[in-house]
Amino acid sequence: MYKINTNFQKLPGSYLFSTIAAKVSAFAEANPQADIIRLGIGDVTQPIAPAIIEAMHCAVDEMADAATFRGYAPDLGYDFLRNAIAEQDYQKRGCDISADEIFVSDGAKSDSGNIQELFSEDNRIAVCDPVYPVYIDSNVMAGRTGNYNEATGMFDGVTYMPCTAENGFVPEFPKEAPDLIYLCLPNNPTGTTLKKGQLQEWVDYARKNGAVIIYDAAYEAYISEDDVAHSIYECDGAKSCAIEIRSFSKNAGFTGVRLGFTVVPKELACGGVSLHAMWARRHGTKFNGAPYLIQRAGEAVYSPEGRRQVAEQVAYYMKNAATIYNGLKDAGYEVYGGINAPYIWLRTPDGMSSWEFFDYLLEKANIVGTPGCGFGPSGEGYFRLTAFGSHENSVRALERIKAL
Ligand SMILES: Cc1ncc(COP(=O)(O)O)c(C=O)c1O
């Protein structure tokens with residue numbers, strides 16, 4: 001008789017975004033005339049930029065010709081893309097990362113969920129609270145946590161690093177050093193970033209305690225302030241203690257076409273065993289390469305025209321972020337984020353819970369956002385709005401909120 005992986009049963013009920021979708025569809029059914037503005041899910045809305053689409057078209061034509069047809073892609077990624085990433089995302093910023101330290105994938109969700117496979121089951125993880133839920137859930141599935149505690153909203157055996165207005169949304173070093181530290185910067189959902197010096201302190205902490213930092217920089221393109229690091233490898237010593245995960249979803253609108261990458265430096269090793277070699281082995285066994293067409297599209301993100309066009313899209317979303325951030329401030333809300341990230345994080349008014357505010361905003365203003373408690377217990381009493389909608393809708397949403 002087979003047995004299931006009972007770790008899955010530790011995961012509490014319904015996924016945040018399914019609950020939101022169910023609530024919104026029930027509301028829409030009961031109020032068919034309501035003009036609902038969706039500022040909830042972190043999906044982009046702008047079409048893929050022309051230079052990238054053109055590259056995809058060319059790649060499609062190559063596939064139609066026996067002379068240029070491509071079958072299986074190299075599992076670690078095509079050199080043309082790995083070289084472009086190494087040069088433009090790293091070497092240009094002074095980070096000593098080479099193309100063969102870059103592993104191309106189908107996105108940051110897979111990589112951030114899969115990377116834990118490299119580590120022993122008894123490693124202790126530390127996560128910011130609130131944060132993108134994949135880090136915890138993937139470790140729960142792997143059996144690296146205890147049970148979910150309904151009363152605290154936390155899994156036993158996990159180190160939560162609360163990030164609230166009281167500490168400026170900056171995680172504090174855990175007293176008992178964890179083995180794996182997940183940092184998501186700029187942060188989803190709070191929009192927080194760390195100054196370069198603060199990030200260096202995390203690198204120093206990890207090295208001192210023999211920990212690995214798993215650094216998710218999916219929102220790197222939204223950094224607007226000068227003294228914020230774009231990559232953890234801008235910090236001294238990071239190559240011996242950090243893995244960095246990136247995505248093409250938010251900077252170039254690839255949420256539907258899927259592309260990302262992970263950097264595992266060659267000097268990252270545990271007891272003489274190279275994590276780079278382990279990740280290469282894992283990739284070779286479980287992944288057959290991101291599609292050629294999409295890797296060509298990814299390469300075009302780095303062309304002069306592609307870079308200009310994606311920068312325009314990021315600027316468009318950041319204009320929405322400013323509209324939402326400033327509008328909320330004018331309306332008297334306590335607001336965070338929105339400067340180095342496409343997320344605006346606000347404190348719910350009048351002591352409402354996150355879900356109470358969700359219902360209030362949906363019913364009174366027909367706006368959908370995301371309850372902060374869905375990202376961890378310290379998100380209770382907060383709420384996330386995204387800048388990924390249209391500018392027109394961002395303006396209209398704020399007019400409605402101001403009129404409440
Ligand atoms: C922090 C973070 N990492 C990763 C992802 C997923 O990225 P991808 O679309 O590349 O899988 C998201 C998506 O919302 C995210 O917020």
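This report describes the domains, one helix, the ligand surroundings and one loop residue of a predicted model.

**Domain arrangement**

The chain is divided into domain 1, made of residues 6-47 and 305-403, and domain 2, made of residues 52-304. Their C-alpha centres lie 24 Å apart. At the junction, 37 residues of domain 1 are in contact with 46 residues of domain 2. On the domain 1 side, at least two residues each are supplied by α10, β13 (335-337) and β14 (343-347). Helix α10 gives the most to this side, with 8 residues. The class composition of the domain 1 side that touches domain 2 comprises 17 nonpolar, 13 polar and 7 charged residues.

**Ligand surroundings**

The ligand is surrounded by 14 residues, and the closest are Gly-107, Ala-108, Lys-109, Ser-247 and Ser-249. Helix α4 (residues 108-114) contributes the largest share of this shell, namely 3 residues. By class, the shell holds 4 nonpolar, 8 polar and 2 charged residues.

The class counts for the two sets of residues are set out below.

| Set of residues | Nonpolar | Polar | Charged |
|---|---|---|---|
| Shell around the ligand | 4 residues | 8 residues | 2 residues |
| Side of domain 1 that touches domain 2 | 17 residues | 13 residues | 7 residues |

**Helix α2**

Helix α2 spans residues 50-63 and has 14 residues. From its first C-alpha to its last, α2 reaches 20 Å, close to the 20 Å expected at 1.5 Å a residue. Its buried residues are Ile-52, Ala-55 and Ala-59. Viewed down the axis of α2, these buried residues fall within an arc of 60 degrees, so they line one face of the helix. An α-helix has 3.6 residues a turn, so residues three or four places apart point the same way. The cover over the buried residues of α2 includes α7 (249-252), α9 (292-301) and α10 (304-330). The face of α2 turned away from its buried side carries the exposed residues Pro-50, Val-60 and Asp-61.

**Lys-266**

Lys-266 is placed in the loop between β10 (260-263) and β11 (269-270). This residue counts as partly exposed because it has 14 C-beta neighbours inside 10 Å, a count between the limits of 12 or fewer for exposed and 20 or more for buried. Leaving aside residues up to four places away in sequence, Lys-266 touches Glu-101, Ser-274 and His-276. The C-alpha atoms of Lys-266 and Asp-100 are separated by 8.8 Å, although the two residues are 166 residues apart along the chain.

Notes. Residues are numbered from 1 along each chain as its sequence is written. This is a predicted model: local features need pLDDT of at least 70, side-chain atom pairs count only at pLDDT 80 or more; totals for chains, interfaces and linings use all residues. A residue is near a molecule or strand if its C-beta atom, placed from the backbone, lies within 6 Å of it. Helices (H or I, at least four residues) and strands (E, at least two) are DSSP runs, numbered from the N terminus. Ala, Val, Leu, Ile, Met, Phe, Trp, Tyr, Cys and Pro count as nonpolar, Asp, Glu, Lys and Arg as charged, and the others, Gly among them, as polar. The expected span of a helix is 1.5 Å times one less than its number of residues. The arc is that of the directions from the helix axis to the C-beta atoms. Two residues are in contact if their C-beta atoms, placed from the backbone, lie within 7 Å. Domain bounds come from an automatic or database domain assignment.
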